[in-house]
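Here are some exercises to work through with the sequence and the coordinates open beside you. Try each task before you read its solution.

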Amino acid sequence: LINMAYRSIGWEETLDNTIATAVGVLKSQKALLQRQIQEQQSKEKAFNQEMAEKRAKLRREEEQQRATIQAEYQKLEDEKKAMEGVYKFQSTRIKLDVGGQQFTTSRSTLTKHSDSMLAIMFSGRHELTPDEGGAYFVDRDGTHFRHVLNFLRDEDSPTLPEDQFTLKELLKEADFYQIDSFADAIKAALVPPKARMSQHEVNNRLGLVSYGMSYSSDYARIYFQTQQKTSASVSINDADLSNLSFTGIYFAHTCSFRGSDMSNVKFDQCYFAAQLDLSDTDLTNASFTCCNGLINGKVIFTSAIHDSIKFDDGIAQYIQF
């Protein structure tokens, strides 16, 4: 009995230990589960907070976009009303007063180049007030405005003036009206400036040496005296030789001045023994008096500009331009 009592006590102790161990394990598992639950709750709270912030951000962006769209829409509506308010003005002919000269054209012509000053003026976005005659004033020289309109009307095959001075003035107008393609067309038509040569440079090229020779003029048979003589053949083409003097030169060698600007040049009292090529030159107001060799073909004037050119009486009839 005593032994059985001891065994019974031992079994109870073992059972108590087993129960205590199980309780400890359960408590540990409970604590672990509680930590996991807390972590999950923290993550869920953070997630919910993040989602709330994103939803708030999206709502703000949506409101901003709605406000932007509304503003753009209102801007379009305002512009539409402005366009409707000037529709009658836009759909009729437009009168212009450019520097005192009157022009009539259409809106489509004036607004052909959207970036130009004229297109901006008559786009309908700006309020313009005509004068008593119904014309809109533009404070520019009206002399060249017809060329501006003609270019806008017929840009594919524009007709530009040939005069270089006029083209330079027209280029200023193209820049003022901000019509880039018009400016490009003018620049293409402008002839590059010719290289200027001084009297000293030309004399050196001709190799002039002192030389006195008496001769008679082609027609009047009046005798003159040359002062210098060429010593070399030269070609001085496409140069600016305006206002130089070749007076009293005996041209003993072939010389070419093709395409040069020789306006106001003096060839007085010259003897042309060799060929002098003046084809395609500008001989405006040039002088060829008291010369010998003009009527025998030594001097070539083919296609030369010869406005106000001077010859002795009776010589011009022998010259072929």
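**Exercise 1. A patch of negative charge**

Task: Find which residues gather in a patch of negative charge on the surface, and place Asp175 within the fold.

Solution: Keep in mind that this is a predicted model.
- Step 1: The patch of negative charge brings together Asp115, Asp175, Asp180 and Asp184 on the surface.
- Step 2: Asp175 belongs to helix H6, which covers residues 164-177.
- Step 3: Patch members need over 30% relative accessible area. Asp175 has a relative accessible area of 48% and is partly exposed.

**Exercise 2. A patch of positive charge**

Task: Now do the same for the positive surface patch that contains Lys57.

Solution:
- Step 1: Arg55, Lys57, Arg59 and Arg60 form this positive surface patch.
- Step 2: Lys57 sits in helix H1.
- Step 3: With a relative accessible area of 46%, Lys57 is partly exposed.

**Exercise 3. A salt bridge inside one helix**

Task: How many salt bridges does the model hold, and how are Arg66 and Glu62 placed relative to each other in helix H1?

Solution:
- Step 1: Take the cut-off, a side-chain nitrogen of Lys or Arg within 4 Å of a carboxyl oxygen of Asp or Glu. The count by this rule is eight salt bridges.
- Step 2: One of them joins the side chains of Arg66 and Glu62, at 2.8 Å from N to O.
- Step 3: Arg66 and Glu62 are four residues apart in helix H1 (residues 2-85), so about one helical turn separates them.
- Step 4: Check the exposure of both partners. Arg66 is partly exposed at 49% relative accessibility, and Glu62 is partly exposed with a relative accessible area of 41%.

**Exercise 4. Salt bridges between separate parts of the chain**

Task: Locate the partners of the salt bridge between Glu155 and Lys112, then those of the salt bridge between Glu173 and Arg140.

Solution:
- Step 1: Glu155 and Lys112 meet through their side chains in a salt bridge of 3.9 Å, N to O.
- Step 2: Glu155 lies in the loop between helix H5 (145-153) and H6, while Lys112 lies in the loop between helix H3 (107-110) and helix H4 (117-121), so this pair ties together parts that are 43 residues apart in sequence.
- Step 3: Glu155 is partly exposed at 23% relative accessibility, and Lys112 is partly exposed at 42%.
- Step 4: Turn to Glu173 and Arg140, whose closest N and O atoms are 2.9 Å apart in their salt bridge.
- Step 5: This pair links distant parts of the chain, 33 residues apart, with Glu173 in helix H6 and Arg140 in the loop between strand E3 (135-138) and H5.
- Step 6: Glu173 is buried at 8% relative accessibility, whereas Arg140 is partly exposed at 24%.
- Step 7: Finally, look for shared partners. Arg258, Asp277 and Asp280 are joined into one network by salt bridges that share partners.

**Exercise 5. The buried side of H5**

Task: Which residues of H5 are buried, and which elements do they pack against?

Solution:
- Step 1: Buried means under 20% relative accessible area. In H5, the buried residues are Phe145, His147, Val148, Leu149, Phe151 and Leu152.
- Step 2: Their packing partners are strand E1 (94-98), strand E2 (101-105), H3, H4, H6 and helix H7 (180-189).

**Exercise 6. The surroundings of Cys290**

Task: Is Cys290 buried or exposed, and which residues does Cys290 touch beyond those up to four places away in sequence?

Solution:
- Step 1: Cys290 is in the loop between strand E15 (287-288) and strand E16 (299-300).
- Step 2: At 18% relative accessibility, Cys290 is buried.
- Step 3: Leaving out residues up to four places away in sequence, Cys290 touches Tyr215, Ser217, Phe224, Gln269, Cys270 and Asp312.
- Step 4: Compare sequence and space for Cys290 and Tyr223: they are 67 residues apart along the chain, with 8.5 Å between their C-alpha atoms.

**Exercise 7. Positive phi in one loop**

Task: What is the phi of Asp280, and what is the phi of Asn285?

Solution:
- Step 1: Start from the background that most residues other than glycine have a negative phi.
- Step 2: Asp280 has a positive phi, near 65°. Asn285 also has a positive phi, near 65°.
- Step 3: Asp280 lies in the loop between strand E14 (276-277) and E15, and Asn285 is found in the loop between E14 and E15.
- Step 4: Asp280 is partly exposed at 40% relative accessibility, and Asn285 is partly exposed at 31%.

Terms used:
Residues are numbered from 1 along each chain as its sequence is written. This is a predicted model: local features need pLDDT of at least 70, side-chain atom pairs count only at pLDDT 80 or more; totals for chains, interfaces and linings use all residues. Side-chain values use heavy atoms; hydrogens and water are left out. Patches are made of residues with over 30% relative accessible area and no salt bridge: like charges are joined within 9 Å, nonpolar side chains (Val, Leu, Ile, Met, Phe, Trp, Tyr) within 5 Å. Accessible areas come from the Shrake-Rupley method with a 1.4 Å probe; for residues, only the protein chains shown count as cover. Lys and Arg count as positive and Asp and Glu as negative; His and the chain ends are not counted. The place of a charge is taken as NZ of Lys, CZ of Arg, CG of Asp or CD of Glu. Helices (H or I, at least four residues) and strands (E, at least two) are DSSP runs, numbered from the N terminus. Buried means under 20% relative accessible area, exposed over 50%, partly exposed in between (1.4 Å probe, protein chains only). Contact means heavy atoms within 4.5 Å.
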